[in-house]
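Colleague: I'm new to this one and would like to hear the reasoning behind the labels. Can we go through it together?

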Amino acid sequence: MGGRFQAKRASDIPELDTSYFLPWSLGMLYGVEPGLEEVARRASRQKRRGFLRRLDAYVAAKHEAEKLVGWFARDPRLRSSKAWDCFFNHVLEELRL
């Protein structure tokens with residue numbers, strides 16, 4: 001029972017996944033959840049419409065995306081306010097809201 005502690009070399013330790021420290025980008029979101037791209041595309045089709053049509057497009061995008069990004073996302077990597085903000089900042093900008 002006299003086990004000895006054996007120090008590890010730095011090269012023996014696997015590299016940590018620090019990707020979650022990076023700010024989200026649309027490309028990253030679409031890579032994790034491709035369905036978000038179609039939600040954004042559908043909303044974007046209304047960008048030249050009147051205010052109420054653009055607002056309706058935003059509401060529809062929120063409804064469609066609620067299971068894809070944010071706290072209720074089906075993929076745990078997208079369950080964050082940062083992922084939600086990244087996506088909806090884009091949608092809001094496209095719709096000029």
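Colleague: Why does Arg77 count as exposed?

Modeller: Keep in mind that this is a predicted model. Exposed means over 50% relative accessible area. Arg77 has 52% relative accessibility, so it counts as exposed.

Colleague: Where does Arg77 lie, and what is it in contact with beyond its neighbours within four places in sequence?

Modeller: Arg77 is in the loop between α3 and α4. Leaving aside those neighbours, Arg77 is in contact with Trp24 and Val32.

Colleague: What makes the pairing of the Arg77 and Asp75 side chains a polar contact?

Modeller: The limit for such a pair of N or O atoms is 3.5 Å. The side chains of Arg77 and Asp75 make their contact at 2.7 Å, so the pair fits within that limit.

Colleague: And Glu33, how do you know whether it is buried or exposed?

Modeller: Same routine. Buried means under 20% relative accessible area. Glu33 has 7%, so it is buried. Glu33 sits in the loop between α1 and α2. Not counting residues up to four places away in sequence, Glu33 touches Leu68, Arg74 and Leu78.

Colleague: How far apart are Arg77 and Glu33 in sequence and in space?

Modeller: They are 44 residues apart in sequence and 9.7 Å apart in space, going from C-alpha to C-alpha.

Colleague: On to helix α2. Which of its residues are buried, and why are they said to be on the same side of α2?

Modeller: In α2, which spans residues 35-44, the buried ones are Leu36, Val39, Ala40, Ala43 and Ser44. They cover an arc of only 130° around the axis, and that is why they end up on the same side of α2.

Colleague: What covers those buried residues of α2?

Modeller: The cover includes α1 (26-32), α3 (51-65) and α4 (81-95).

Colleague: How many helices and strands does the protein have?

Modeller: There are four helices and zero strands, and the order from the N terminus is α-α-α-α. Of the 97 residues, 29% count as buried.

Colleague: What about the surface: which residues form a nonpolar patch there?

Modeller: Phe51, Leu52, Leu55, Val59 and Leu97 do, with about 460 Å² of accessible area together. Val59, for one, belongs to helix α3. Each member of a patch needs over 30% relative accessible area, and nonpolar side chains are joined within 5 Å.

Colleague: And how much does the protein expose overall?

Modeller: About 7,500 Å², with carbon and sulfur atoms supplying 56% of it.

How values were computed:
Residues are numbered from 1 along each chain as its sequence is written. This is a predicted model: local features need pLDDT of at least 70, side-chain atom pairs count only at pLDDT 80 or more; totals for chains, interfaces and linings use all residues. Side-chain values use heavy atoms; hydrogens and water are left out. Buried means under 20% relative accessible area, exposed over 50%, partly exposed in between (1.4 Å probe, protein chains only). Helices (H or I, at least four residues) and strands (E, at least two) are DSSP runs, numbered from the N terminus. The arc is that of the directions from the helix axis to the C-beta atoms. Contact means heavy atoms within 4.5 Å. Patches are made of residues with over 30% relative accessible area and no salt bridge: like charges are joined within 9 Å, nonpolar side chains (Val, Leu, Ile, Met, Phe, Trp, Tyr) within 5 Å. Accessible areas come from the Shrake-Rupley method with a 1.4 Å probe; for residues, only the protein chains shown count as cover. A salt bridge is a side-chain nitrogen of Lys or Arg within 4 Å of a carboxyl oxygen of Asp or Glu. A polar contact is a pair of N or O atoms within 3.5 Å; within protein, one must be able to donate a hydrogen and the other to accept it, and residues adjacent in sequence count only if both atoms are side-chain atoms.
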